[in-house]
Structures are given as C-alpha cells and as structure tokens.
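Here are a few exercises to work through with the model open in your viewer. Try each one before reading the solution.

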Amino acid sequence: MTAPVVELRGLSRRFGAVEAARAVTLDLRPGEIHALIGPNGAGKSTLIGLTAGSLRPDAGSVLLGGEDVTRLDAVGRARKGLGRTFQVSSLAMELTVLENALLGAVGRSGQVMRLFRSALCDRDLALLARAALERVGLVEEADRRTADLSHGQRRLLEVAVALTLEPRAFLMDEPMAGLGAEGSRRLTGFLDRLREEAPILLVEHDMDAVFAIADRISVLCYGEIIATGTAEDIRRDPRVRIAYLGD
Ligand code: ADP
Ligand code: MG
C-alpha cells in the first residue's frame, strides 16, 4: 500500500463536557477522496480544524507525508502543503476576487500581510492566482469585489484560494453548501479531477455527491468514527444506518 499523505492518530478534543473528537484515527491516501459524514455536531469541523492546525488536540498527532506536524499552527501546516476551505467563509469581502486568490498564493510564503503588497505586483503569483480562478470558472470575476459575488461563487473562490497553495492535500468543509444543483454538479466534477493532484478530505452533507465521488467514507458520530469503508460498505453498515441514514 502506498504511504498516506495525511495521517490522524488518536486525535481527541474536548469543549467543556463535549467530546468533539474521541481518539480519531484515519488516513488520506494519494489520489483519493475520503469523505467525512455524520450528523450535525458530530465533530466534522472539529476534525478538519485539528488536521489543519487551527485547533489544538488534547491528545493525538497529525502526520503530513510521514512528518509529525502536530506542533505546527495552521500557517505552518499550510506552508507544508495542507490546503483547506472553511465551512464559514474566510474570504476578505472588501478585496477583489483576484486579491483573495493572491492572498492564498502569498500564504505559501507564510508572511502574509508583509508580502501582500509586493505580491500584487508579482507576476508569477498573479499568474498562479489567475490560473486558480480560471480552473474554478471565476476568472471573469477577477476584478469584482468579493462581497458582490453570489454565495455559490464565494464557495468556488474558497476552493481557488486553496488551489493557489498548490497543496499536497486538501481539507474541505462542506464546499457544496448553498451551491444549488448545477453548482454542486460542477464542483463535484472538479473535485473528481482534483484528487489526481492532491487527495481530498471532504466533509459534505450532500449524500448524492459523497456516494458518487468518495473512494472511502468515514462516519463520525459523537466525535467517534463508527465506520470507514467504500460507499457500498457504508450503505450496508447497520450501525451507520441506525446512527445516520435514519433507518
Ligand atoms: P459538525 O461540523 O460535525 O457539525 P462540530 O465539529 O462543529 O460538528 O462540533 C462538534 C461538537 O463540538 C458540537 O457539540 C459543538 O457544539 C462543539 N463545539 C465545536 N466547536 C466548539 C467551540 N469552539 N466551543 C465549544 N463547543 C464547540
Ligand atoms: Mg461543521
């Protein structure tokens, strides 16, 4: 078996009395989409935060390409190649679409604000940012104010920002939310191709999308993984049916 790109080993995190992650172990392998599903409050966003480094674990570790990155914060992990999108938008609304994409590209260097001005004049970064916008179908909106985009376009811009990092792995928290049928279909097709460049840990509510594109699915329930397997395995798993699929 090829070595995983990302490994989570025994990650735990409490918020007061809530055990949002309970000794979660999973991996993300080259070329795959590994979906994370589970009811509201199951701990999906917590797990993305623990992986990305925006949340600290109480126990456990995160490995990227075999290297332990648990001590690194989110910026440190982004620089090592972990790209992410947020459930709640992280875009700077007053900036243009291209400027937001550039912020993603600059983020690679780690010195975000200091380098931002010069980045606006940096042709390579600007090309990278434009290429990312092109790929998600937003290049024609490059000079618009981000606040003036539709909700769906902002979701796509989040993906473009992550793309400019040229990550080794993607962490995506509900990228289809609010996209509508056509937008979801397009983004699903895009993620389907994107996995060849870097594997994707995908939190998604849209079960049709998950069952259509995920290579493996892990089911979270009260902070714990209750099953991991292919779409077929998951559909058949009695614990999953009871806990999540509602029969
Ligand atoms: P999901 O993304 O699966 O809906 P979350 O990871 O957002 O779930 O939340 C998991 C649990 O942890 C929930 O009970 C939630 O209320 C709690 N939780 C998440 N973040 C915080 C926080 N910053 N402070 C307190 N409780 C939190
Ligand atoms: Mg969430």
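Before counting anything, you need a rule for elements: helices (H or I, at least four residues) and strands (E, at least two) are DSSP runs, numbered from the N terminus. Also keep in mind that this is a predicted model.

**Exercise 1.** Work out which element gives the largest share of the shell around ligand 1.

*Solution.* Start by listing who is there: Phe15, Val18, Ala20, Gly38, Asn40, Gly41, Ala42, Gly43, Lys44, Ser45 and Thr46 surround the ligand. Next, look for elements giving two or more residues, and you get β2 and α1. Then pick the winner: α1, with 3 residues. For the chemistry, sort the shell by type, which gives 4 nonpolar, 6 polar and 1 charged.

**Exercise 2.** Find the strand order of the open sheet with 4 strands, and say which strands stand at the edges.

*Solution.* Trace the pairing, and the order comes out as β2-β1-β4-β5, antiparallel. Now check the ends: β2 (18-28) and β5 (67-68) each have a single partner strand, so one side of each lacks a neighbour in the sheet. Zoom in on the β5 end, where 2 bridges link it to β4 (residues 59-64) in the antiparallel sense. Leu64 sits opposite Glu67 there.

**Exercise 3.** Do the same for the open sheet with 6 strands, then place helix α1 against it.

*Solution.* The order this time is β6-β7-β8-β3-β9-β10, and the pairing is mixed. At the edges you'll find β6 (82-85) and β10 (224-229), each pairing on one side only. From one strand to the next, the twist averages 15 degrees. Take β6 and β7 (residues 169-173) as a sample pair: they run parallel and are joined by 4 bridges. Thr85 has Met172 in β7 as its bridge partner. Finally, add the helix: α1 (residues 44-52) lies across β3 (33-37), β6, β7, β8 (200-203) and β9 (216-221). Its direction is about 150 degrees to that of β7.

**Exercise 4.** Summarise the whole chain, and the predictor's scores for it.

*Solution.* Count elements to get 10 helices and 10 strands. Of the 247 residues, 43% are buried. For contacts between residues at least 6 apart in sequence, 65% join residues at least 24 apart. On confidence, the chain averages a pLDDT of 87, and 89% of the residues score at least 70. The complex gets an ipTM of 0.98 and a pTM of 0.88. One caution: where pLDDT is low, don't read the predicted coordinates in detail.

Methods
Residues are numbered from 1 along each chain as its sequence is written. Chains are lettered from A and ligands numbered from 1 in the order in which they are written. This is a predicted model: local features need pLDDT of at least 70, side-chain atom pairs count only at pLDDT 80 or more; totals for chains, interfaces and linings use all residues. Two strands pair if DSSP finds at least two bridges between them. Axes are lines fitted to C-alpha atoms, for helices over the stretch in contact, and angles run from 0 to 180 degrees between N-to-C directions. Two residues are in contact if their C-beta atoms, placed from the backbone, lie within 7 Å. A residue is buried if 20 or more other C-beta atoms lie within 10 Å of its own, exposed if 12 or fewer, and partly exposed in between; C-beta atoms are placed from the backbone. pLDDT is the predictor's confidence in each residue, from 0 to 100. A residue is near a molecule or strand if its C-beta atom, placed from the backbone, lies within 6 Å of it. Ala, Val, Leu, Ile, Met, Phe, Trp, Tyr, Cys and Pro count as nonpolar, Asp, Glu, Lys and Arg as charged, and the others, Gly among them, as polar.
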